[in-house]
Amino acid sequence: MENTPMQVVQGFGAGMASGTDSWKNFIADDITFDGPAAQVSGLEAFIELNEGFMGMVRGNRMKNAVEAGNYVITQVEIDVEMPTGKTITLDMSEWYETENGKIKSIKVYYDAEEFRKESVAQ
């Protein structure tokens with residue numbers, strides 16, 4: 001039996017938290033990612049983007065997660081260490097679209113102003 005969309009997203013998150021590559025098993029080859037700071041298409045581009053960002057993450061807290069059809073919508077706080085050394089907290093909404101037990105697209109929404117300010121400050 002195929003995993004529910006929530007199980008797919010939870011598996012992705014658990015894989016990320018584990019520090020292993022197991023999260024990659026939950027990503028479709030034709031994934032698209034769209035966010036305020038980056039947009040990519042395809043598995044290789046997503047892996048490169050995700051690994052770069054995850055190296056900056058110092059903590060996260062799931063506030064809410066809702067499954068609707070083949071979507072999972074989350075609200076999460078992510079602590080990100082910027083190149084300046086300052087850690088900022090992003091209050092992020094993530095929209096995961098799943099298909100055939102894999103994440104097909106991710107759209108993230110957050111106020112990117114502080115992220116941009118810290119990126120430019122270096």
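The legends below describe close-up views of a predicted model.

**View 1. The open sheet and the order of its strands.**
Six strands make up an open sheet of mixed pairing, and their order across the sheet is β2-β1-β6-β5-β4-β3. At the edges stand β2 (39-41) and β3 (57-68), each of which pairs on one side only. From one strand to the next, the twist averages 20°. Helix α2 (residues 43-54) packs on this sheet and touches β1 (27-34), β2, β3, β4 and β6 (102-109), with a direction that makes about 60° with that of β1. In general, the strands of a sheet pair through backbone hydrogen bonds, in either the parallel or the antiparallel sense.

**View 2. Pairing of β6 with its neighbours β1 and β5.**
Strands β1 and β6 pair in the parallel sense over four bridges, whereas β5 and β6 pair in the antiparallel sense over seven bridges. Lys107 of β6 appears in both pairings, since Asp34 stands opposite Lys107 and Lys107 is also the bridge partner of Trp95. The hairpin of β5 and β6 has two residues between the strands, and in this hairpin Asn100 takes a positive phi near 55°.

**View 3. Pairing of β4 with β5, and a nonpolar surface patch.**
Strand β4 is joined to strand β5 (residues 87-99) by 11 bridges, and the two strands run antiparallel. Within this pairing, Asp79 has Thr89 in β5 as its bridge partner. Tyr71, which is placed in strand β4 (residues 71-81), forms a nonpolar patch on the surface with Trp95 and Tyr109, and the three residues together have about 310 Å² of accessible area. Tyr71 counts as partly exposed because its relative accessibility is 31%.

**View 4. Lys24 with two acidic partners.**
The side chain of Lys24 meets that of Asp21 in a salt bridge with an N to O distance of 3.6 Å, and the side chain of Glu51 also meets that of Lys24 in a salt bridge, here at 3.2 Å from N to O. Glu51 lies in helix α2 and Lys24 in the loop between α1 (5-18) and β1, so this pair ties together parts that are 27 residues apart in sequence. Which degree of exposure does Lys24 have, given its relative accessibility of 23%? Lys24 counts as partly exposed at that value, and Asp21, with a relative accessible area of 48%, is partly exposed. Glu51 is partly exposed as well, with a relative accessible area of 40%.

**View 5. Salt bridges of the strands β3 and β4.**
The side chains of Arg58 and Glu81 meet in a salt bridge with an N to O distance of 2.8 Å. This pair links distant parts of the chain, with Arg58 in strand β3 and Glu81 in strand β4, 23 residues apart. Arg58 counts as partly exposed at 46% relative accessibility, and Glu81 counts as partly exposed at 30%. A network of salt bridges links Arg61, Lys63, Glu77 and Asp79, and Asp79 is the residue whose bridge partner in β5 is Thr89. A search of the whole structure finds seven salt bridges. As a general point, side chains of opposite charge can pair when their charged atoms come close.

Conventions: Residues are numbered from 1 along each chain as its sequence is written. This is a predicted model: local features need pLDDT of at least 70, side-chain atom pairs count only at pLDDT 80 or more; totals for chains, interfaces and linings use all residues. Side-chain values use heavy atoms; hydrogens and water are left out. Patches are made of residues with over 30% relative accessible area and no salt bridge: like charges are joined within 9 Å, nonpolar side chains (Val, Leu, Ile, Met, Phe, Trp, Tyr) within 5 Å. Accessible areas come from the Shrake-Rupley method with a 1.4 Å probe; for residues, only the protein chains shown count as cover. A salt bridge is a side-chain nitrogen of Lys or Arg within 4 Å of a carboxyl oxygen of Asp or Glu. Buried means under 20% relative accessible area, exposed over 50%, partly exposed in between (1.4 Å probe, protein chains only). Two strands pair if DSSP finds at least two bridges between them. Axes are lines fitted to C-alpha atoms, for helices over the stretch in contact, and angles run from 0 to 180 degrees between N-to-C directions. Contact means heavy atoms within 4.5 Å.
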